[in-house]
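Here's a quick briefing on two spots in this chain. Have a look at the fold first, then read on.

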Amino acid sequence: KREKKGKGAEKTAAKMEKKVSRRAKKEEEDLEALIAEFQSLDAKKTQIIESSCPPPSPRLNGSLSAHPEKDELILFGGEYFNGQKTYLYNDLFVYNIRKNSWSKVEIPNPPPRRCAHQAAVVPTAGGQLWVFGGEFASPNGEQFYHYKDLWVLHLATKTWEQIKASGGPSGRSGHRMVACKRQLIIFGGFHESARDYIYYNDVYAFNLDSFTWSKLAPSGIGPAPRSGCQMATTPEGSIIIYGGYSKQRIKKDVDKGTLHTDMFLRAGKEEDKWSWSRLNPSGVKPTPRSGFSVAIGPNNRSLLFGGVHDEEEEESIEGDFFNDIYFYDIGKNRWFPGQLKGPKSEKRKRRRGRQAEAEGAGDEEIEKQPPQGPVEIVKEVVAEDGTVMTIKQVISGPAEEKERSESEEEEEDGALGQQVEPCPRSNAMLAVKHGVLYVYGGMFEVGDRQFTLSDLYSIDLHKMEEWKVLVEMDPKAQEWLEESESGEEDDDMEGAEGGEEEEESSEEESEDEGGEEQHPSVQPDEKHADYLSRTEQYWIKVARSNMGPDAKEKKVVKVAHAMAKTFYEDSV
């Protein structure tokens with residue numbers, strides 16, 4: 001039954017692929033002319049030019065790779081959207097870790113501009129960077145061209161070479177690629193045209209010695225079609241797949257997205273004996289998300305960073321973005337969250353200071369004990385329109401832990417309170433070198449606006465003490481051009497006219513909040529309607545402070561009511 005079901009699914013997928021391919025052909029022919037125009041410009045470059053430069057422009061869905069022999073990171077490609085136009089890149093940047101400096105390397109005949117591709121580094125002949133697939137989008141972001149080309153950058157000679165070999169994967173983006181025992185293994189991805197799309201769960205291997213493709217057919221039930229998953233190799237040469245995203249059409253013009261949280265192992269000593277098996281890891285698993293970034297860390301652990309959890313409605317998507325790290329211990333089959341420990345030297349100083357104080361030593365050397373802060377309880381509320389809002393409820397008095405003394409807890413809270421960290425984001429670029437994780441760029445959304453990042457952070461994965469800011473960026477300074485479609489002009493004008501008033505009112509509100517306003521508690525036997533009428537203005541202030549001054553009044557009120565309702569029901 002399983003075999004018949006599998007064959008039936010394969011036939012359906014093959015039919016769908018043909019259908020998508022036919023419809024996409026015309027679309028891709030239009031874009032091919034644009035790609036060819038860009039390539040003709042690139043062809044005019046005849047020599048290698050390497051020059052110092054400021055950090056690369058904001059982008060997401062590029063690739064960041066660690067040089068196998070030098071203390072360098074290599075950034076290639078990516079995309080940027082300014083509200084009206086989509087920009088694709090094929091530029092190459094090198095980050096010098098020791099000098100904390102960037103250089104741009106212009107090499108003749110590079111791959112065409114792309115994003116959502118995959119890159120893998122192998123140590124052959126002074127280092128090679130292999131790039132497969134990805135997509136090119138029209139400036140209006142409505143047409144897509146999916147690449148199926150394979151390129152190699154010879155790092156020692158700084159030359160690009162296109163490898164032409166038949167039998168490889170179809171054009172796609174959002175796939176995953178890893179280097180494993182003299183092979184490049186590719187899994188999944190998707191292909192999208194203006195009207196149709198298809199997600200893949202096929203597996204291909206490219207032999208780095210013979211330069212040939214082979215399609216693998218592991219036995220057993222494998223992962224469902226998906227893109228954007230985590231893919232890691234084990235020391236034995238097995239492949240692990242976790243999570244990802246896919247969508248399917250449930251009725252005309254209505255798609256339903258799926259966040260996958262399952263995990264699979266593809267194992268076997270020989271190609272024809274590989275098989276899929278489902279993994280059931282222990283520990284604390286990542287919360288469901290898409291758009292997370294992945295890397296291989298030290299101590300046989302893979303990791304994922306950030307991502308977004310979207311609440312999808314028929315006409316809109318609202319999401320929560322993350323900036324957390326989760327580790328997967330490959331040997332122990334166990335997930336656990338990465339938690340910052342804080343700088344040790346700072347904690348020791350504080351403890352020594354306390355001892356000196358107790359013994360009557362010099363007061364000047366003693367750092368003041370941070371005041372005992374209130375405890376913050378964070379809850380999430382989903383409004384009727386799908387907006388996810390975080391409620392922060394503050395309760396006076398610190399929570400005590402049995403395992404450690406109160407003074408130690410305050411020391412750690414004080415140390416961690418000053419920590420910097422990357423803002424929550426999705427589609428960032430990661431690389432690990434010498435056990436240090438580097439996070440570059442990515443994006444987050446506020447309402448209808450997208451902020452694309454160009455900052456760079458690092459954290460030592462062995463110590464997990466603190467994030468370091470290597471390149472700073474102020475997202476608010478980024479240009480954003482509003483769409484000028486007729487259907488949205490009224491809304492845009494309304495937002496523009498109401499901007500100053502909203503800003504003034506939010507300033508007044510923040511002044512009001514400066515005086516310690518009491519959290520409105522629920523009175524005994526009070527009905528929900530009574531509570532709402534009494535506290536509505538308070539909750540509107542809380543909602544607006546969370547959503548920002550640009551949020552529309554109707555949405556602010558709706559979220560405020562949802563927050564009030566949740567608080568009322570919890571209190572009752």
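Let's start with a glycine: apart from neighbours within four places in sequence, Gly 291 makes contact with Gly 307, Ser 426 and Asn 427. Keep in mind that this is a predicted model. After the glycine, we'll turn to strand 13, which covers residues 183-192.

**Around Gly 291**

- Gly 291 sits in a loop, with strand 20 (282-283) on one side and strand 21 (293-297) on the other.
- Is Gly 291 buried, exposed or partly exposed? Its relative accessibility is 21%, and buried means under 20% while exposed means over 50%, so Gly 291 counts as partly exposed.
- Tyr 245 is 46 residues away from Gly 291 along the chain, yet their C-alpha atoms are separated by 8.3 Å.

**Strand 13 and its cover**

- Strand 13 is mostly covered, with nine of its 10 residues buried.

**Strand 13 with strand 12**

- Strand 12 (residues 176-179) pairs with strand 13 in the antiparallel sense, and four bridges link the two.
- One of the bridge pairs puts Ala 179 with Leu 184 of strand 13.
- The hairpin of strand 12 and strand 13 has three residues between the strands, and Lys 181 there takes a positive phi near 50 degrees.

**Strand 13 with strand 14**

- Strand 13 also pairs with strand 14 (residues 197-207), again in the antiparallel sense, this time over nine bridges.
- Leu 184 turns up here too: it stands opposite Phe 206 in strand 14.
- Four residues make up the hairpin connection from strand 13 to strand 14.

Definitions and conventions:
Residues numbered from 1 in each chain as written. Predicted model: local features only at pLDDT ≥ 70, side-chain atom pairs only at ≥ 80, totals over all residues. Heavy atoms only, no water. Buried < 20%, exposed > 50% of the residue type's maximum accessible area, 1.4 Å probe, protein only. Contact = heavy atoms within 4.5 Å. Pairing = 2+ DSSP bridges.
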